[in-house]
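These entries record what I looked up in the structure, taken one topic at a time.

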Amino acid sequence: RKGNVIGFGGRALDDSNPKYINTAATSIFDKRATLYALNFAIDTIRNQRTAVVVEGYMDVIAAHEFGYTNVVASMGTALTEQQVGQLRTLADKFILALDPDTAGQEATLRSLESSWRVIQGGAAQQRQRSQSVLTQWKTTDLRVAALPEGLDPDALIREDVARWEEIIDS
């Protein structure tokens, strides 16, 4: 979150498996609690109150290269409750732009479930506090970007940046 190196990751540039290799879990690196490029995106996310979540490093790199600096990756296929909790402190609007393949669709469902658990838990805490003090409800706008078949965010941004922007905006 502050830009300090906590681990390393690599991606195969061909069809080799595994596609991604990360540092093993340590006391400071936990893939489930880490959002790739959050240190670069944090100010934009905080200012725009919007976070776009993609699956992989290359998706984030392409987005940032084209000026979409509120994009982070989940360091796995689906968002975890820890990752949603971090984003919830920065933004009110979340856009899941996961790959349009079967794995990405399954990850979208898991991400929605984990997001809902965090959002629902936050609402319960607000209800408890509001019993004794007048509080303002923090609303959350959770969206799923419908990416075209066969185009992950990296490919879509590089192929048709206007279409990426239209999909994210809508």
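**Entry 1. Thr 44 and its contacts**

I listed the contacts of Thr 44, setting aside neighbours within four places in sequence, and found Arg 49, Thr 69 and Asn 70. I note at the outset that the model is a predicted one. Thr 44 is part of helix α1. Is Thr 44 buried or exposed? Its relative accessibility is 18%, and it therefore counts as buried, the cut-off being under 20%.

**Entry 2. Salt bridges**

I counted the salt bridges next, and the structure holds 5.

I first examined the pair Asp 43 and Arg 46, whose side chains meet at 3.9 Å, N to O. Both residues belong to helix α1, and because they are 3 residues apart there, about one helical turn separates them. I recorded Arg 46 as partly exposed, since its relative accessibility is 40%.

I then turned to Arg 49, already noted as a contact of Thr 44. The side chain of Arg 49 forms a salt bridge with that of Asp 92 (3.0 Å, N to O). Which parts of the chain does this pair link? Asp 92 lies in the loop between α3 (81-88) and β5, and Arg 49 in the loop between α1 and β3; the two are 43 residues apart, so I entered them as a link between distant parts of the chain. Asp 92 is partly exposed at 24% relative accessible area, and Arg 49 is also partly exposed, at 29% relative accessibility.

The third pair I looked up was Glu 65 and Arg 158, with side chains meeting in a salt bridge at 3.0 Å, N to O. Here too distant parts of the chain are linked: Glu 65 is in helix α2 and Arg 158 in helix α5, 93 residues apart. Glu 65 counts as exposed at 52% relative accessibility, whereas Arg 158, at 42%, counts as partly exposed. I also noted that salt bridges with shared partners join Glu 65, Asp 154 and Arg 158 into one network.

**Entry 3. Helix α6**

I asked which residues of helix α6 (residues 161-169) are buried, and found Trp 164, Ile 167 and Ile 168. These residues lie on the same side of α6, because the arc they cover around the axis is only 95°. The face turned away from that buried side carries Glu 166 and Asp 169, both exposed. I then checked the packing partners of the buried residues: they pack against β3 (50-54), β5 (93-96) and α5 (153-159).

**Entry 4. The largest pocket**

I read the volume of the largest pocket as about 570 Å³. It is lined by 23 residues, and those closest to its centre are Asn 4, Ile 6, Thr 34, Tyr 36 and Asn 39. The elements that give two or more residues to this lining are β1 (9-11) and α1 (38-48). Helix α1 contributes the most, with 3 residues. By class, I recorded 12 nonpolar, 9 polar and 2 charged residues in the lining.

**Entry 5. The second largest pocket**

For the second largest pocket I entered a volume of about 290 Å³. Of its 17 lining residues, Tyr 20, Glu 55, Gly 56, Tyr 57 and Gly 76 are the closest to its centre. Both β2 (20-22) and α2 (57-65) supply at least two residues of the lining; the largest share, 3 residues, comes from α2. I classed the lining as 5 nonpolar, 4 polar and 8 charged residues.

Conventions. Residues are numbered from 1 along each chain as its sequence is written. This is a predicted model: local features need pLDDT of at least 70, side-chain atom pairs count only at pLDDT 80 or more; totals for chains, interfaces and linings use all residues. Side-chain values use heavy atoms; hydrogens and water are left out. Buried means under 20% relative accessible area, exposed over 50%, partly exposed in between (1.4 Å probe, protein chains only). Helices (H or I, at least four residues) and strands (E, at least two) are DSSP runs, numbered from the N terminus. The arc is that of the directions from the helix axis to the C-beta atoms. Contact means heavy atoms within 4.5 Å. On a 1 Å grid over the protein atoms alone, a cavity is a set of points where a 1.4 Å probe fits but cannot get out, and a pocket is an open set with protein on both sides within 12 Å along at least five of seven lines; lining residues have an atom within 4 Å of a point. Grid points are joined across faces, edges and corners, and a volume is the space filled by probe spheres set on the points. Ala, Val, Leu, Ile, Met, Phe, Trp, Tyr, Cys and Pro count as nonpolar, Asp, Glu, Lys and Arg as charged, and the others, Gly among them, as polar. A salt bridge is a side-chain nitrogen of Lys or Arg within 4 Å of a carboxyl oxygen of Asp or Glu.
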